[in-house]
Amino acid sequence: MAKVVLGAGCFWCAEAVFSRLKGVLKATPGYSGGMAKNPAYREVCTGKTGHAEVVEVEYDPKILKLENLLEAFFSMHDPTSVNRQGADAGSQYRSAIFCTSAEQKKKAESFIRKIQKAYSKPIATEVGILRKFYPAEESHQKFYERNRFHPYCLVVIGPKLAKMRRTLE
């Protein structure tokens with residue numbers, strides 16, 4: 001089993017996508033990359049904690065290679081957008097990869113160099129070593145699964161999943 005923590009904007013969207021990838025054992029929404037200890041959603045939403053909304057992805061590297069996971073990650077959001085994904089704006093929505101080892105970080109950086117030529121703007125994804133991951137409150141866990149008819153799920157997550165269907169299968 002391996003882990004990586006990924007920030008691709010709203011963690012409800014990211015969890016919905018990553019939890020459907022073959023080889024993902026668990027996708028847990030939470031917070032990382034900031035300085036506040038034990039942050040809560042309302043604090044993170046202010047942008048003052050330094051944390052990003054992220055998903056801790058536990059996966060089986062025999063089934064899902066890191067490169068394939070990163071392909072899904074980069075295809076589900078705009079990695080050239082700084083502190084914004086769609087209507088969600090603020091540093092808590094930044095694109096980020098928090099790695100669990102120096103080797104994983106090296107692979108992520110290499111992957112970004114490889115795909116940069118496909119983008120007209122520089123990739124702004126933050127890449128670093130994971131310091132701490134804080135799971136989000138229970139109300140944010142499996143949000144899409146429990147709230148498919150919530151307006152955000154209908155307007156943002158549903159279409160994103162439809163777009164990702166080829167990657168997910």
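What percentage of the 169 residues in the protein chain do buried residues make up? Buried residues make up 50% of the chain. The model is predicted, and the legends below go from the whole chain to single residues.

**Figure 1. The whole protein chain with its helices and strands.** The predicted model holds 6 helices and 8 strands. Read from the N terminus, the order of these elements is β-α-β-α-β-α-β-β-β-α-β-β-α-α. The C-alpha trace spans about 35 × 35 × 35 Å along its principal axes. The radius of gyration is 15 Å, which agrees with the value near 15 Å that a compact globule of 169 residues would have. Among contacts with a separation of 6 or more, 75% are between residues 24 or more positions apart.

**Figure 2. The surface of the protein chain and its charged side chains.** About 8800 Å² of the protein chain is accessible surface. Carbon and sulfur atoms account for 54% of this surface. There are 27 positive and 17 negative side chains. The centre of the positive set and the centre of the negative set lie 3 Å apart.

**Figure 3. The largest nonpolar core, with F18 and I97.** This core contains 44 residues, and F18 and I97 are the ones that touch the most other members. The element that gives the most to this core is helix α1, residues 11-18, with 7 residues. A second core, separate from this one, has 6 residues, including V5, A52, V54 and F98.

**Figure 4. Helix α1 and the contacts of F18.** Helix α1 is mostly covered, with 8 of its 8 residues buried. The buried residues in α1 are F11, W12, C13, A14, E15, A16, V17 and F18. In an α-helix, residues three or four places apart point the same way, because there are 3.6 residues a turn. Which residues does F18 contact, leaving aside its neighbours within four places in sequence? They are L6, V24, A27, V55, V57, L69, F73 and M76.

**Figure 5. V44 in helix α2.** Helix α2 covers residues 41-45, and V44 is found in this helix. Is V44 buried or exposed? V44 counts as buried because its relative accessible area is 0%, and buried means under 20%. Apart from neighbours within four places in sequence, V44 is in contact with Y31, P39, T49, H51 and Q92. The view also takes in Y93, which is 49 residues from V44 in sequence. The C-alpha atoms of V44 and Y93 are 9.9 Å apart in space.

**Figure 6. N38 in the loop before helix α2.** N38 lies in the loop between strand β2, residues 24-32, and α2. With a relative accessibility of 61%, N38 counts as exposed. Once neighbours within four places in sequence are set aside, N38 is in contact with E43 and Y134. N38 and T28 are 10 residues apart in sequence, and their C-alpha atoms are 15 Å apart in space.

**Figure 7. P135 in strand β8.** P135 has its place in strand β8. Its relative accessible area is 52%, so P135 is exposed, the cut-off being over 50%. Setting aside neighbours within four places in sequence, P135 is in contact with T28, P29, G30, Y31 and Q141. P135 and V55 are 80 residues apart along the chain, and 8.5 Å separates their C-alpha atoms.

**Figure 8. N83 and K142, two loop residues with positive phi.** Most residues other than glycine have a negative phi. For N83, phi is positive, near 55 degrees. N83 sits in the loop between helix α3, residues 66-75, and strand β4, residues 84-85. The relative accessibility of N83 is 31%, so N83 counts as partly exposed. Phi of K142 is also a positive value, near 50 degrees. Where does K142 lie? K142 lies in the loop between strand β8, residues 133-135, and helix α5, residues 143-146. K142 is exposed, with a relative accessible area of 51%.

Key: Residues numbered from 1 in each chain as written. Predicted model: local features only at pLDDT ≥ 70, side-chain atom pairs only at ≥ 80, totals over all residues. Heavy atoms only, no water. Helix = DSSP H or I, 4+ residues; strand = E, 2+ residues; numbered from the N terminus. Rg over C-alpha atoms; globule rule 2.2 N^0.38 Å. Buried < 20%, exposed > 50% of the residue type's maximum accessible area, 1.4 Å probe, protein only. Contact = heavy atoms within 4.5 Å. Areas by Shrake-Rupley, 256 points an atom, 1.4 Å probe, with all protein chains shown as cover. Lys, Arg positive; Asp, Glu negative; His and termini not counted. Charge placed at Lys NZ, Arg CZ, Asp CG, Glu CD. Core = buried A, V, L, I, M, F, W, Y, C linked by side-chain atoms within 4.5 Å.
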